[in-house]
Amino acid sequence: MGSELIYRGHDSQLATDSYSPKPIKPWFAVTQPIRYMLREQRLVFVLVGIAIATLFFTVIPTSYPASYGGARGHVAISDSLSYYPVETYQRAYNPRVGFGAVNSGGKIPLGLKRKGLRIVVTGGAGFVGSHLVDRLIARGDSVIVVDNFFTGRKENVMHHFGNPNFELIRHDVVEPLLLEVDQIYHLACPASPVHYKFNPVKTIKTNVVGTLNMLGLAKRVGARFLLTSTSEVYGDPLQHPQKETYWGNVNPIGVRSCYDEGKRTAETLTMDYHRGAGVEVRIARIFNTYGPRMCIDDGRVVSNFVAQALRKEPLTVYGDGKQTRSFQFVSDLVRLTETI
Ligand SMILES: O=c1ccn([C@@H]2O[C@H](COP(=O)(O)OP(=O)(O)O[C@H]3OC[C@@H](O)[C@H](O)[C@H]3O)[C@@H](O)[C@H]2O)c(=O)[nH]1
């Protein structure tokens, strides 16, 4: 039995001896693809192709609308909305900057969508604010509404509840607030004379302290800031229609001055943050606006007249009835506010 085992061992040795491994590839087989690339200037063509592709994706601007990019231009807008065409403050580098440079340099390859902005809208549950929120969400941005619900209503923004791009915060802008955002639309303040005269000290505090807080936030996070001001900065104007260069005729101690002077101070603060701290700003002087979601008890002339007409009551004209106003529909206002 033992010899048999020895014999088998010989067999297996023989089998091992007869094994012939694969011959190792010669060196030229490894270098063959490289030689192939080097022949007939193929490598040159590959490098030129890479260079063209790089140039195409980095230098050629994409086809975004002009309203989203580039430096500030003078936008043609109606008499009912005015603003200061302040120069764009160009930051050295910020991948999440606002309208001014969101797509500068055409860095977004073709076929990719614009990245949505993070925007806070103060007073976003109000009449004008809620329409602006609708617009911003429709174009793909993420919106945080900040509202104390003094005149704003949850019903105005309820249709966005459950949308991941929408958040609602009950907050009064006279208290500081820290949010990481790209843009700030600062609308928070009662706008109807009936409402802003209800608590005049609170009105001027909202306009001064509230605007200071929001400008401080804009400076801190590098956000673009838009102030909704008012035609009332012209006071009892001596020029008709009022040009942006007109400085107004305002009574500093009148019953409307909490709003008029409050908004004038808010404009001053806005320009000082722009000049002194380089915050990118816009100011929209909004005239008398009407449209859906306006409260029936808003107190302004359009809602008052509509309510009285529906009740078949005579329309009440205050004073001598010779006063004039510029009126605009809310969707026109929102479209223009978004553009500037
Ligand atoms: O029932 C009314 C209400 C108002 N009026 C008159 O209609 C004119 C318009 O008054 P409104 O109350 O609608 O408001 P105003 O135009 O004075 O200001 C409004 O427009 C500009 C916005 O920026 C302000 O926020 C807003 O208050 C005023 O002369 C007012 O006296 C009436 O004759 N009857």
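The shell around the ligand mixes residue types: seven are nonpolar, eight polar and three charged. In total, 18 residues surround the ligand in this predicted model. The closest are Ala 191, Thr 230, Arg 300, Val 301 and Asn 304. Two of these names return below. Thr 230 belongs to the buried residues of strand β6. Val 301 falls in helix α8, which covers residues 301-310.

**The chain as a whole**

The protein chain holds nine helices and nine strands. It has 340 residues, and 30% of them count as buried. Among contacts with a separation of 6 or more, 72% are between residues 24 or more positions apart.

**Strand β6**

Strand β6 spans residues 224-230. How many of its seven residues are buried? Seven of the seven are, so the strand is largely enclosed by the rest of the structure. In a regular strand, side chains alternate between the two faces of the sheet. Both faces of β6 are covered. One side carries Arg 224, Leu 226, Thr 228 and Thr 230, and these are buried. The other side carries Phe 225, Leu 227 and Ser 229, which are buried too.

β6 has strand partners. Strand β5, residues 183-186, pairs with β6 in the parallel sense over four bridges. Strand β7, residues 281-286, runs parallel to β6 and is joined to it by six bridges. β6 and β7 also belong to a larger arrangement. Together with helix α7, residues 257-277, they make a right-handed β-α-β unit.

**Strand β5 and its other partner**

β5 is covered on both faces as well. Gln 183 and Tyr 185 are buried on one side. Ile 184 and His 186 are buried on the other. Besides β6, β5 pairs with strand β2, residues 118-122. That pairing is also parallel and uses four bridges.

The table names residue partners from these pairings.

| Residue | Partner | Strand of partner |
|---|---|---|
| Val 121 | Tyr 185 | β5 |
| Gln 183 | Arg 224 | β6 |
| Ile 184 | Phe 225 | β6 |
| Thr 230 | Ile 286 | β7 |

**The nonpolar core**

The largest nonpolar core has 45 residues. Which residues have the most contacts inside it? They are Ile 119, Val 121, Val 145, Ile 184, Ala 218 and Phe 225. Several of them have appeared already. Val 121 is bridged to Tyr 185 in β5. Ile 184 and Phe 225 are bridge partners.

Ile 184 shows what such a position looks like. Leaving out residues up to four places away in sequence, Ile 184 touches Val 120, Met 214, Leu 217, Ala 218, Ala 223, Phe 225 and Leu 226. Two of these, Ala 218 and Phe 225, are on the list of residues with the most contacts inside the core. Phe 225 and Leu 226 sit on opposite sides of β6.

**Loops with unusual backbone**

The loop between β6 and α7 contains Pro 241. A cis peptide bond joins His 240 to Pro 241, with omega about -15 degrees.

Two residues other than glycine have a positive phi. Arg 293 has phi near 75 degrees. Arg 293 is found in the loop between β8 and α8. Lys 312 has phi near 60 degrees. Lys 312 is in the loop between α8 and β9.

Is each of them buried, partly exposed or exposed? Arg 293 has 19 other C-beta atoms within 10 Å, while a buried residue needs 20 or more, so Arg 293 counts as partly exposed. Lys 312 has 6 such atoms within 10 Å, so Lys 312 counts as exposed.

**Helix α9**

Helix α9 covers residues 330-339 and includes Asp 332. Leu 333 also has its place in α9. These neighbours differ in burial. Asp 332 is partly exposed, with 15 other C-beta atoms within 10 Å. Leu 333 is buried, with 23.

Each can be paired with a residue far back in the sequence. Asp 332 and Thr 289 are 43 residues apart along the chain, and their C-alpha atoms are separated by 9.4 Å. Leu 333 and Tyr 290 are also 43 residues apart in sequence, with 9.7 Å between C-alpha atoms. Thr 289 and Tyr 290 fall within β8, residues 288-290.

Note on methods
Residues numbered from 1 in each chain as written. Predicted model: local features only at pLDDT ≥ 70, side-chain atom pairs only at ≥ 80, totals over all residues. Near = placed C-beta within 6 Å. Nonpolar A, V, L, I, M, F, W, Y, C, P; charged D, E, K, R; others polar. Core = buried A, V, L, I, M, F, W, Y, C linked by C-beta atoms within 7 Å. Buried ≥ 20, exposed ≤ 12 C-beta atoms within 10 Å, placed from the backbone. Contact = placed C-beta atoms within 7 Å. Pairing = 2+ DSSP bridges. Right-handed = clockwise from strand over helix to strand, strands pointing away.
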